[in-house]
Structure formats: structure tokens, C-alpha cells
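User: I am new to this structure and would like a close look at a single part of it. Please begin with that part and then describe how the rest is arranged around your account.

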Amino acid sequence: MKIARFNGGKIGIVTGDRIADVTAVCGVDPGEWPPVGMNRIIANFATLRPKIEAALKTAPTVPLADVKLQTPLPWPHKLLAMPSNFRDHAAEMKTSGFGVAGSLPADEAGFFMKSNGSLSGPEEAIEIPDRPGREFHHECEMATIIGTGGKDIPVDKALDHIFGYACLIDVTMRGKGERVMRKSFDTFCPVGPWITTADEVGAPDDIDMKLWVNGELRQHSVANMMIVGIREQVQTCSEVTTLVPGDIIASGTMAGVGPLKPGDTVEIEIARVGKMKLAVTSRLAPV
Ligand code: MN
């Protein structure tokens, strides 16, 4: 099942190129603050799913092109992220000069965090701040969304705790400064275009991950090339912090990171999960 947020906080189920509004059956108030409707849907999904499926039999649908998709989970309790998690990216960071001194691959470093405030939607632009001389890079990643929470989740039980997956771009200002700040500018974490539930995706091992800039393929790898795999990410994070429904773990990226500039278009596709295409603008002078 592909679960989306759209048109000011409504909840929709995507089938092909159409979307059905299931806001009412999910018991979500689109205007609520904080916007935690999706968190509750995830927490109560075992009960809600049959109701949603029943509603879909008669629910009217509209073309996806006629709605504005929003980031599916705007208010997670935690936005966790894996650092250098593909060997080819770890190597390029060593030679590019952008790597932070002493930075370690994910199997030694653990995780870091981005501000939840950096989350943005599949139809919002990535806004490049006014920081002369700095580069702002794309990082193609997969978001794992936690379903059932837990502490000290063992690797062989990790898949039982995953609700679904989404595309995620970990936009990063390179160079000096705290990593959490360099990765936390508004719009620096597009997630979407929806959450695809884990049952529809299957085992998260052979999933193709691709990112294009202006139509040119810049990043491409497969999930099973991660140093710390999806199951191990759940184990590693839950050993430190209790995971709760709706927590997001960003997978880390493969080689091929590079600058985004105002006027660019960036496209990301995670196989069996989804695809989204975003504009890049300048915060000072929108293109
Ligand atoms: Mn990253």
C-alpha cells in the first residue's frame, strides 16, 4: 500500500496514477497541529488497514497530477541518519577533501541526526541558502519508517519493526561546521513521494537506488551494498534510543555526490518504493 499526504494534510492511498482520499476513515484532522496524523496511522495500522481497504472499494479517486503531494510524515519523533554507509562514498569523501577529519564509516560511527525541521515534500523545491563559496550536495538515500517501536531490536527481528520505505535526499552543506547544522537547513530532507508499506516492498536487499541531476544519472547503487544494512540500522539505532512508530532512518548514500545549484532539477528513484522530482531554487532569488 502506498500512503500519501496531500492537499493540506489529507491522507491518500495511491494506486497507479490515481489517489483516493481516506482522511476520514483514518480519523485524521488535516488541519491539526502538530501534524501527527500519519504517526497515529502507523501506530494503529493493524486495526486501520482493513477499514482503509474496505473504504477503497467505493472511494472516489482523482489523478495524482491534480493534487499536491506533501511529505508523508512531517513530524517524526526522530530523524536518524547513517553516516558514510557505502564503501565507494567513503572512498570519494577521503579523496575529495570534503570528508570531516576523523570521520568513520557507519559500522564504526553509528548514527547522527538531522533536524526534523529539514523535512520537505516531493513537490517542494530544495532551497539553496546564501552561503558564498559553499557547496550543497545531493545524497541519494532510502528512508526506513519504523512501525512497531522497540528497544534493543535484534537483527533477525528488525523487519518486523519496519512499517515501510520512502525516497530521501540528504542535502548537505559541505565543509566546516557542525554536521547537524550543515544538514538541517529548511528543505534539506525531501522525503516521499509517499510511504510504501514493507509488505509491498519485500526484503530490503536488492533494491535499486538512483539519483539524477538535470536528467543525468549521478548516483546508482543497490541496498545490499550498504556497510550497515537496513536490518542492522534498526538494531544499531534501537540499541541507543527506543524507536517509536514513525521514526525515520536515512540509509546513507553511495558514491557520486555532487553540487546542486539553483535552476537544477534533481530526481530520485528507489525501486518498488517510488520516484520524485524536485526543483532546486535559491532562498534569496527563487529561480
Ligand atoms: Mn547522508
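Analyst: The answer begins with the metal site and then turns to the sheets, the backbone and the domains.

This is a predicted model, in which local features need pLDDT of at least 70 and side-chain atom pairs count only at pLDDT 80 or more, while totals for chains, interfaces and linings use all residues. Residues are numbered from 1 along each chain as its sequence is written, and side-chain values use heavy atoms, with hydrogens and water left out.

The part chosen is the site of the manganese ion, which is coordinated by Glu139 (OE), Glu141 (OE) and Asp170 (OD) at 2.0 to 2.1 Å. Donors here are N, O and S atoms within 2.8 Å of the metal (3.2 Å for Na, K and Ca); water is not among the atoms, so sites may look incomplete. Along the chain, the donors of this ion follow the spacing E-x1-E-x28-D. Are Glu139 and Glu141 buried or exposed? Glu139 counts as buried because its relative accessibility is 5%, and Glu141 counts as buried because its value is 1%. The terms are set by relative accessible area: buried means under 20%, exposed over 50%, and partly exposed in between (1.4 Å probe, protein chains only).

The account now moves to the strands. Helices (H or I, at least four residues) and strands (E, at least two) are DSSP runs numbered from the N terminus, and two strands pair if DSSP finds at least two bridges between them. Strand β10 covers residues 136-138 and pairs with β13 in the antiparallel sense over two bridges; Phe136 has Met173 in β13 as its bridge partner. These strands belong to an open sheet of three, in the order β13-β10-β18, with antiparallel pairing. Its edge strands are β13 (172-173) and β18 (258-259), each of which pairs on one side only.

Another open sheet is formed by five strands in the order β9-β20-β19-β15-β16, and its pairing is mixed. At the edges stand β9 (126-128) and β16 (216-222); each has a single partner strand, so one side of each is left without a neighbour in the sheet. On average, neighbouring strands of this sheet are turned by 20° against each other, direction ignored. Within the sheet, strand β15 (residues 208-213) runs antiparallel to β16 and is joined to it by six bridges, and Lys210 stands opposite His220 in β16.

At the start of the chain, strand β1 (residues 2-6) is joined by five bridges to strand β2 (residues 10-15), and the two run antiparallel. Arg5 stands opposite Ile11 in β2. Three residues lie between the strands of this hairpin. Asn7 lies in that loop between β1 and β2 and has a positive phi of about 45° although it is not a glycine. Asn7 is partly exposed because its relative accessible area is 36%. β2 also pairs with strand β3 (residues 18-21) in the antiparallel sense, over four bridges, with Arg18 in β3 as the bridge partner of Thr15. Two residues separate β2 and β3 in their hairpin, and Gly16 in the turn has a positive phi of about 60°.

Some further backbone features deserve attention. Most residues other than glycine have a negative phi, and most peptide bonds are trans. Thr187 has a positive phi near 75°; it lies in the loop between α5 (179-182) and β14 and is buried, with a relative accessible area of 10%. The peptide bond from Trp33 to Pro34 is cis, with omega near -5°, and Pro34 is found in the loop between β3 and α1 (37-43). A cis peptide bond also joins Gly192 and Pro193, with omega about -5°; Pro193 is placed in strand β14 (residues 189-197).

Finally, the domain assignment gives domain 1 (2-70) and domain 2 (79-282), with bounds that come from an automatic or database domain assignment. Their centres, taken over C-alpha atoms, are separated by 24 Å. The contact takes 15 residues from domain 1 and 17 residues from domain 2, where contact means heavy atoms within 4.5 Å. The area buried between the domains is about 1300 Å², of which carbon and sulfur atoms give 64%. Lys2, Ile42 and Leu69 in domain 1 lose the most area to domain 2, together 47% of what that side buries. Buried area is the accessible area (1.4 Å probe) that two parts lose on being put together, summed over both.

Definitions and conventions. Axes fitted to C-alpha atoms, helices over the stretch in contact; angles between N-to-C directions.
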